[in-house]
Structures are given as structure tokens and as C-alpha cells.
Amino acid sequence: MRGAVILASICAGLLLLLVYARAPTAPRANDRIAEDNLAIADGAVDGFLGEWTGDLRVRRDLSLPLILRLSQSNERFDILLDSPDQGMFALEGDLIEIDGAFIGVAFTAIGASLRLQLDENVLAGDYIQGGVYNLELTRAG
């Protein structure tokens, strides 16, 4: 009897996985933005475009170099993040907010987000992933 209950539970779990796998996926943030891309096309992100570098201080004795690349092509705003010391390159991000000198970016694959303010050649603000860390990036080049 107990074996039948376990088998039924496993079958129910597999059925849920099959239903979930066939469910339509939610649109990514950039997909929604592509529909409302007028603000982006009008130059709202121009000051943010380029390559930005800096170190994320995780602890007093540990910092990780980060490279953030922001580009725009075909009315699409592309966001890529590298963390070379972790062997992570070209992690795609989604624009979640842009308001004047502020930009918000989500990296859903790693559960992280950025909330940064542009001040000439510096992007400074918060890196959020299991905690909030100060981050300052400078324009490369």
C-alpha cells in the first residue's frame, strides 16, 4: 500500500512537471520594452551606453571585477555582464527601469539586480544578490 502511495506521488509530480514545461513562458523584460521602445529610441539610454568596469567588494578581503556592457541595436537595449574571476561571461540582463539618471537591471539567471545612478563617467549604486553591496563602475576607455 505504501509503495502505491509513493508511486502515485511521483506520477503526480511528473505530471505537474510536464504541464509546467508546456506552459507558455512569461515575456522577458526586454521583450516588453521592445513594445514600448519609444523612450529608448528617443535617446533615454544614450548616456548609459558603453562598457563599464569596476570591482564588487563582497567582503573586506574579497572583491570581484565586473564588466557591464550596455548597447543598443535595432531599437533593442542589450545588457551583458562579465565576472571574469568566476568564469561568467555575457550574462544577459533585462532593463527593468530607466528614469533620468537612474537605471535598474535584473539578471534573473543568477537572482541579481543593479540599481545605479549615472554621474558623468561613473555608474554608482547597489548590486543586490542575497544582500546589498555598493558598486561603482567607471566608463572603460
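Colleague: Quick one on Ser113. Does that residue count as buried or exposed?
Modeller: Ser113 counts as buried, because its relative accessibility is 18%. The cut-off for buried is under 20%. Keep in mind that this is a predicted model.

Colleague: Where does Ser113 lie?
Modeller: In strand S6, which covers residues 112–119.

Colleague: And which residues is Ser113 in contact with, leaving aside neighbours within four places in sequence?
Modeller: Val105, Ala106, Asp126, Tyr127 and Ile128.

Colleague: Let's zoom out. How many helices and strands does the protein have?
Modeller: Three helices and eight strands.

Colleague: In what order do they run from the N terminus?
Modeller: The order is α-α-α-β-β-β-β-β-β-β-β. The helices come before the strands.

Colleague: What do the eight strands close into?
Modeller: A barrel. The order is S1-S2-S3-S4-S5-S6-S7-S8, and the pairing is antiparallel. From one strand to the next, the twist averages 30°.

Colleague: Remind me, what do strands of a sheet pair through?
Modeller: Backbone hydrogen bonds, in either a parallel or an antiparallel way.

Colleague: Over how many bridges do S1 and S8 pair?
Modeller: Two, in the antiparallel sense. S8 spans residues 132–139. For one pair to look at, take Thr53: its bridge partner in S8 is Thr138.

Colleague: How about S7 and S8? How many bridges there?
Modeller: Seven, again antiparallel. S7 takes in residues 122–128. Find Leu123 and you can trace across to Leu137 in S8, its bridge partner.

Colleague: What do S7 and S8 form together?
Modeller: A hairpin, with three residues between the two strands. Gly130 sits in the turn and has a positive phi of about 70°.

Colleague: Which residues other than glycine have a positive phi?
Modeller: Ala90 is one of them, with phi near 60°. Glu120 is another case, at about 55°.

Colleague: Where are Ala90 and Glu120 found?
Modeller: Ala90 is in strand S4. Glu120 is in the loop between S6 and S7.

Colleague: Why does Glu120 count as exposed?
Modeller: Because its relative accessibility is 68%, and exposed means over 50%. Ala90 has a relative accessible area of 41%, so Ala90 is partly exposed.

Colleague: Staying with S4, which strand do we see it pair with over five bridges?
Modeller: S5, in the antiparallel sense. S4 is residues 88–99 and S5 is residues 102–107. Glu97 stands opposite Gly104 in S5.

Colleague: Leu95 next. Buried or exposed?
Modeller: Buried, because the relative accessible area of Leu95 is 2%. Leu95 also has its place in S4.

Colleague: How many residues apart in sequence are Leu95 and Val105?
Modeller: Ten. In space they are 4.7 Å apart, C-alpha to C-alpha. Val105 came up earlier too, in contact with Ser113.

Colleague: What about Asp99? Buried or exposed?
Modeller: Exposed, because Asp99 has 51% relative accessibility and the cut-off is over 50%. Asp99 is in S4 as well.

Colleague: How many residues lie between Asp99 and Gln117 in sequence terms, I mean how far apart are they?
Modeller: They are 18 residues apart in sequence. Their C-alpha atoms are 9.5 Å apart in space.

Colleague: New topic: pockets. What is the volume of the largest pocket?
Modeller: About 160 Å³.

Colleague: Which strands each supply at least two residues of its lining?
Modeller: S1 (50–59), S2 (62–73) and S3 (76–83). The lining residues include Leu56, Val58, Leu64, Leu66, Leu81 and Ser83. Tyr127 is also among them, and Tyr127 is in contact with Ser113.

Colleague: How does that lining split by class?
Modeller: Nine nonpolar residues, three polar and no charged ones.

Colleague: Last bit. What share of the protein's residues is buried?
Modeller: Buried residues make up 27% of the 141 residues.

Colleague: And among contacts between residues at least 6 apart in sequence, what share joins residues at least 24 apart?
Modeller: That share is 33%.

Notes. Residues numbered from 1 in each chain as written. Predicted model: local features only at pLDDT ≥ 70, side-chain atom pairs only at ≥ 80, totals over all residues. Heavy atoms only, no water. 1 Å grid on protein atoms, 1.4 Å probe; cavity = no way out; pocket = protein on both sides within 12 Å on 5 of 7 lines; lining within 4 Å. Points joined across faces, edges and corners; volume = space filled by probe spheres on them. Helix = DSSP H or I, 4+ residues; strand = E, 2+ residues; numbered from the N terminus. Nonpolar A, V, L, I, M, F, W, Y, C, P; charged D, E, K, R; others polar. Pairing = 2+ DSSP bridges. Axes fitted to C-alpha atoms, helices over the stretch in contact; angles between N-to-C directions. Buried < 20%, exposed > 50% of the residue type's maximum accessible area, 1.4 Å probe, protein only. Contact = heavy atoms within 4.5 Å.
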